[in-house]
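User: I'm new to this one and would like to go through it step by step. Can we take it as a set of short questions?

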Amino acid sequence: MSLGMRSKNRLRLLSWVLALLIAFSSSHAAETLILGYTNLRGSKVPVPLGVDEGIFLRHGIELKMVPVSPGTLGVPKLLAGDIDLFLGNSEPVVRAIAVEQRSLAVIAHLGSEGFMLYSRPGIARVEDLKGKKIGSSLDGASVDRNTKKALRKLGLDPEKDVAIVYTGFQNSSDRLKLVAKGEVDATVAGSDALPELGKDIDKVNALVDLVEIGIAVSGADISAEKNLIGRKRDGLKRFVSALEESFRLARSRPDLVRRTYEKHLKLSNAATLDWMVKDYISARIPARPTPNPKVIEAYLEEILQNKSDAQKDVNHYLDASLF
């Protein structure tokens with residue numbers, strides 16, 4: 001074989017190997033998923049922890065996290081394709097399915113939030129709330145809906161018995177500060193925000209645990225559009241596998257939970273971080289992050305009061321097939 005022929009054969013072989021490497025690299029490139037989130041507090045911590053620890057990337061998922069506020073924007077962003085996944089309160093998702101027949105599903109549940117109705121120390125009984133100012137967030141937002149639902153369950157009419165004050169604050173800590181200052185008399189807030197009050201923590205009183213009056217609040221559900229679940233099923237199954245690994249790691253490594261809160265919530269106060277880590281580790285966390293039918297049932301209870309012909313089967317609102 002001539003020298004020229006051998007050179008041509010080498011070039012062909014090199015070209016073939018290069019093409020094979022490119023094809024292999026393309027087939028194994030990480031799939032990008034965009035996850036919108038309301039905040040990264042409480043039970044949501046496994047997601048940023050998994051990103052920081054490279055768990056999603058090891059499963060072939062490049063997870064991009066983008067803030068979505070208020071949480072009511074989660075549904076329109078999912079439907080518009082601006083985000084692939086939404087991490088937050090799933091009530092707007094369940095409502096959009098029930099009332100507007102939107103093609104959405106709850107695909108994961110990271111844990112229920114420890115929401116309480118907090119008041120000023122001088123208010124020791126629910127009856128004492130009559131005529132008082134109740135701090136809410138935005139009209140129609142998840143905090144607002146849960147606040148009004150809690151008041152009704154406690155025998156108070158939100159429209160007549162109290163004055164709802166729309167503070168514009170989505171964060172529990174901001175609303176609790178208003179209670180501590182006496183600008184409002186009570187508010188619904190997450191218990192993990194208490195340490196941010198610092199020395200003013202004694203100026204708020206835990207009046208009612210929402211779970212005890214039958215209100216299951218999950219600010220840590222993950223939802224997706226059903227057509228996307230069909231199109232990106234393989235990628236979403238890898239996302240769920242990474243989520244489960246991150247979930248287990250968060251439960252076993254308080255040090256990583258602390259580091260994640262410190263980084264993503266921009267916290268530096270040691271006492272606050274200690275409180276938040278303890279609150280997460282001791283919270284009502286499920287064994288696996290599968291969708292929680294009880295949370296959906298709680299949302300449907302309220303929705304069916306005004307939309308009696310809505311689908312009552314909770315399986316219509318969730319998709320656990322990715323697990």
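User: How does Arg-102 count by relative accessibility: buried, partly exposed or exposed?
Analyst: This is a predicted model, and Arg-102 comes out at 38% relative accessibility. Buried needs under 20% and exposed needs over 50%. Arg-102 falls in between, so the class for Arg-102 is partly exposed.

User: Which residue forms a salt bridge with Arg-102?
Analyst: Side chains of opposite charge can pair when their charged atoms come close. Here the closest N and O atoms are 3.2 Å apart, and the cut-off is 4 Å. The partner has a relative accessible area of 48%, which makes it partly exposed. That partner of Arg-102 is Glu-100.

User: How many salt bridges does the count come to?
Analyst: Each pair needs a side-chain nitrogen of Lys or Arg within 4 Å of a carboxyl oxygen of Asp or Glu. By this rule the count comes to 21.

User: How many residues apart in sequence are the parts that Asp-52 and Lys-263 tie together?
Analyst: Asp-52 and Lys-263 form a salt bridge, with their closest N and O atoms 3.1 Å apart. Asp-52 sits in helix H2 (residues 46-52) and Lys-263 in helix H10 (residues 254-264), so the pair links parts of the chain with a separation of 211 residues.

User: And how do Asp-52 and Lys-263 count, buried or partly exposed?
Analyst: Asp-52 has 32% relative accessibility, so Asp-52 is partly exposed. Lys-263 has 49%, still not over the 50% that exposed requires. Both land in one class: partly exposed.

User: In the salt bridge between Asp-139 and Lys-148, which residue is buried?
Analyst: The two side chains meet at 3.8 Å, N to O. Asp-139 is exposed, with a relative accessible area of 59%. The other partner has 12%, which is under the 20% cut-off. So the buried one is Lys-148.

User: Which residues are joined into one network by salt bridges that share partners?
Analyst: Some salt bridges have a partner in common, and that links them up. The residues joined this way are Glu-31, Asp-234 and Arg-238.

User: How many residues of H6 are buried?
Analyst: Helix H6 spans 142-153 and has 12 residues, reaching 16 Å from its first C-alpha to its last, close to the 16 Å expected. Its buried residues include Val-143, Asp-144, Lys-148 and Leu-151. Among the elements that cover them are helix H5 (91-100), strand S6 (133-136) and helix H7 (172-181). H6 is mostly covered, and its buried count is 9 of 12.

User: Which residue just after H6 takes a positive phi?
Analyst: The phi angle in question is about 85 degrees. The residue that takes it is Gly-155.

User: Which helix gives the most to the lining of the largest cavity?
Analyst: A search of the whole structure finds 1 cavity of 30 Å³ or more, with about 40 Å³ of space. Its lining includes Ser-142, Arg-145, Asn-146 and Lys-149, along with Tyr-299 and Glu-302. H6 and helix H12 (293-306) each supply at least two of the lining residues. With 4 residues, the top contributor is H6.

User: How many charged residues are in that cavity lining?
Analyst: By class, the lining has 1 nonpolar and 3 polar residues. The charged ones, counted as Asp, Glu, Lys and Arg, number 4.

User: Which elements give two or more residues to the lining of the largest pocket?
Analyst: The largest pocket holds about 640 Å³ of space. Of its 35 lining residues, those closest to the centre are Thr-38, Asn-39, Lys-44, Gln-170 and Asn-171. The elements giving two or more residues are H6 and H7.

User: What volume does the second largest pocket have?
Analyst: Among the residues closest to its centre are Glu-113, Gly-114 and Asp-279. Strand S5 (115-119) and helix H11 (270-281) each give two or more residues to its lining. The lining divides into 4 nonpolar, 7 polar and 5 charged residues. The volume of this pocket is about 250 Å³.

User: What share of the protein's residues count as buried?
Analyst: The protein has 12 helices and 10 strands. Its C-alpha atoms fill a box of roughly 100 × 50 × 30 Å along the principal axes. Of the 323 residues, the buried share is 47%.

Technical notes: Residues numbered from 1 in each chain as written. Predicted model: local features only at pLDDT ≥ 70, side-chain atom pairs only at ≥ 80, totals over all residues. Heavy atoms only, no water. 1 Å grid on protein atoms, 1.4 Å probe; cavity = no way out; pocket = protein on both sides within 12 Å on 5 of 7 lines; lining within 4 Å. Points joined across faces, edges and corners; volume = space filled by probe spheres on them. Expected span 1.5 Å × (residues − 1). Buried < 20%, exposed > 50% of the residue type's maximum accessible area, 1.4 Å probe, protein only. Contact = heavy atoms within 4.5 Å.
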